[in-house]
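Hi,

Here is the structure I promised to pass along. Have a look at it first, and then read on for what turned up.

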Amino acid sequence: MTDDQYQKWIKIHETAAEKYDNQAKDLLKNINLIELDISKENSELQKITKKINIADEKLEETEYGIRRRRGTLISLQKMSDKRLQRFGFDKTKLIPVENNEAKELGDDECLEKENKEVTFEEILHRSNIKHKEKIESDNNNERQKNVEKIKLDFRRKLITFKRTVRSVENHCEDIENKISCKSLKLTK
């Protein structure tokens, strides 16, 4: 190999080496940028996992509360059932047939109605009737309370008026006594 060929070969390999060095530098820059992105994403991931852990803790607390309340409701239902059994209450007769309905239906129909399951609409209808009756009785109670309040207010006013009249009468008597005493002194 001659010196010129050797120089060309060296230049070719040096340019290739520079090219590879530049590519290596670019790759290092890219790797550094990717590592920065990875560290940012890791910090965001840690924040998100903390929030998830907090949410999991709250979820566990609410599930525990729900289980506890459900257990309490079940025990209350059992206690209620025991009390109803003790008093001999029959749950199948929760909605009794009213007298006017019994007259409208025959005895056989009344028995069939007691034995059949009650629909939601019937329960709603009956509860609306009872609710309306309760509202009417509440209105009557409110009217009666208002009347009682008015009566009480008038009694209080009457008592204060009588006290005022007594105080005026006493004052008048005092003045009359003073005048009579003065008139006696003048006459003497």
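Tryptophan 9 is partly exposed, because its relative accessibility is 44%. This is a predicted model, by the way, so please read everything below in that light. Tyrosine 6 also counts as partly exposed, at 40% relative accessibility. The two residues sit three apart in helix α1, which is about one turn of the helix.

How many aromatic pairs does the count give? It comes to one. The pair is tyrosine 6 with tryptophan 9: the ring centres are 6.3 Å apart and the planes make an angle of 25 degrees, so the pair is stacked. The cut-off for stacking is an angle under 30 degrees, with centres within 6.5 Å.

Staying in α1, which covers residues 3-87, you'll also find isoleucine 31. With 41% relative accessibility, isoleucine 31 is another partly exposed residue. Together with Leu27 and Leu28, Ile31 makes up a nonpolar surface patch, and the three have about 290 Å² of accessible area between them.

I also checked the length of α1. Its 85 residues should span 126 Å at 1.5 Å a residue, and the C-alpha atoms at its ends are 121 Å apart, so the two values agree. Just after α1 comes glycine 88, with a positive phi of about 80 degrees.

Now for the other feature I'd point you to. Which residues form the salt bridge? They are aspartate 153 and lysine 157, whose closest N and O atoms are 3.6 Å apart. That falls within the 4 Å cut-off, so the contact counts as a salt bridge. The structure holds one such bridge. As background, side chains of opposite charge can pair when their charged atoms come close. Both partners belong to helix α4 (residues 120-187), and because they are four residues apart there, about one helical turn separates them. Aspartate 153 is partly exposed, since its relative accessible area is 36%.

Finally, the overall picture. The protein has four helices and zero strands, and from the N terminus the elements run α-α-α-α. How much of the protein is buried? Buried residues account for 2% of its 188 residues. The exposed area is about 18100 Å², with 56% of that supplied by carbon and sulfur atoms.

If you open just two places, I'd pick the stacked pair of tyrosine 6 and tryptophan 9 and the salt bridge between aspartate 153 and lysine 157.

Cheers

Methods:
Residues are numbered from 1 along each chain as its sequence is written. This is a predicted model: local features need pLDDT of at least 70, side-chain atom pairs count only at pLDDT 80 or more; totals for chains, interfaces and linings use all residues. Side-chain values use heavy atoms; hydrogens and water are left out. Patches are made of residues with over 30% relative accessible area and no salt bridge: like charges are joined within 9 Å, nonpolar side chains (Val, Leu, Ile, Met, Phe, Trp, Tyr) within 5 Å. Accessible areas come from the Shrake-Rupley method with a 1.4 Å probe; for residues, only the protein chains shown count as cover. A salt bridge is a side-chain nitrogen of Lys or Arg within 4 Å of a carboxyl oxygen of Asp or Glu. Buried means under 20% relative accessible area, exposed over 50%, partly exposed in between (1.4 Å probe, protein chains only). Rings of Phe, Tyr and Trp (its six-membered ring) pair if their centres lie within 6.5 Å; planes under 30 degrees apart count as stacked, over 60 as edge-to-face and the rest as tilted. The expected span of a helix is 1.5 Å times one less than its number of residues.
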